[in-house]
Amino acid sequence: MAYYCRDCSYKGKKRAADGHCPACGSAKFYLQKAKTDPDKPETRKGSLVVLVLLWGYLIAHIYWKLYV
Ligand SMILES: [Zn+2]
């Protein structure tokens, strides 16, 4: 968890005693709840698709070997 300033884009674990940004003193200083990585969900989705495809391929192969 880290704090993020929207005025000067300061990022840090500390904040000023009054809750403002220690770099520029802005009140637009928020606690970032989670790491907002826009690439992560897409990568997860992609790897999930690959996993499903691989399992489908494997099952199809086993099925083909057994019944054809
Ligand atoms: Zn700031």
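1. Start with Cys5. In this predicted model, Cys5 is buried, because 21 other C-beta atoms lie within 10 Å and the cut-off for a buried residue is 20 or more. Cys5 belongs to strand S1. Leave aside residues up to four places away in sequence, and Cys5 still touches Tyr10, Cys21, Ala23, Cys24, Ser26, Lys28 and Phe29. Take Ala23 from that list. Cys5 and Ala23 are 18 residues apart in sequence, yet their C-alpha atoms are 8.8 Å apart in space.

2. Now Phe29. This residue sits in strand S3. Is Phe29 buried or exposed? Phe29 is buried, since 23 other C-beta atoms lie within 10 Å. Its contacts, not counting residues up to four places away in sequence, are Tyr3, Cys5, Arg15, Gly19, His20 and Cys21. Note that Cys5 is on this list, just as Phe29 is on the list for Cys5. Ser9 is 20 residues from Phe29 along the chain, and the two C-alpha atoms are separated by 9.2 Å.

3. Step back to the whole chain. The chain holds one helix and three strands. Read along the sequence, the pattern is β-β-β-α. There are 68 residues in the chain, and 4% of them are buried. Cys5 is buried, and so is Phe29. Of the contacts with a separation of 6 or more, 23% join residues 24 or more positions apart.

4. The sheet comes next. In what order do the strands of the open sheet stand? The order is S2-S1-S3, and the pairing is antiparallel. Strand S2 (11–12) and strand S3 (29–32) are at the edges. Each has a single partner strand, so one side of each has no neighbour in the sheet.

5. Look at the pairing of S1 with S3. How many bridges join S1 to S3? Four bridges do, and the two strands run antiparallel. Strand S1 covers residues 2–5. Two residue pairs can be traced in the structure. Tyr4 stands opposite Tyr30 of S3. Tyr3 has Leu31 as its bridge partner in S3.

6. S1 also pairs with S2. Two bridges join S1 and S2, again in an antiparallel arrangement. On this side, the partner of Tyr3 is Gly12 in S2. Tyr3 therefore deserves a second look: its partner in S2 is Gly12, and its partner in S3 is Leu31, with the open sheet ordered S2-S1-S3.

7. Check the hairpin of S1 and S2. Five residues lie between these strands. Ser9 is in this loop. Its phi is near 55°, which is positive, and the residue is not glycine. Most residues other than glycine have a negative phi. Ser9 is exposed, because 10 other C-beta atoms lie within 10 Å and the cut-off for exposed is 12 or fewer.

8. Finally, Gly19. Where is Gly19 found? Gly19 is in the loop between S2 and S3. Gly19 counts as exposed because it has 11 C-beta neighbours inside 10 Å. Tyr30 is eleven residues from Gly19 in sequence, and 8.8 Å separates their C-alpha atoms. Gly19 also appears among the contacts of Phe29. That contact links an exposed residue, Gly19, with a buried one, Phe29.

Conventions. Residues numbered from 1 in each chain as written. Predicted model: local features only at pLDDT ≥ 70, side-chain atom pairs only at ≥ 80, totals over all residues. Contact = placed C-beta atoms within 7 Å. Pairing = 2+ DSSP bridges.
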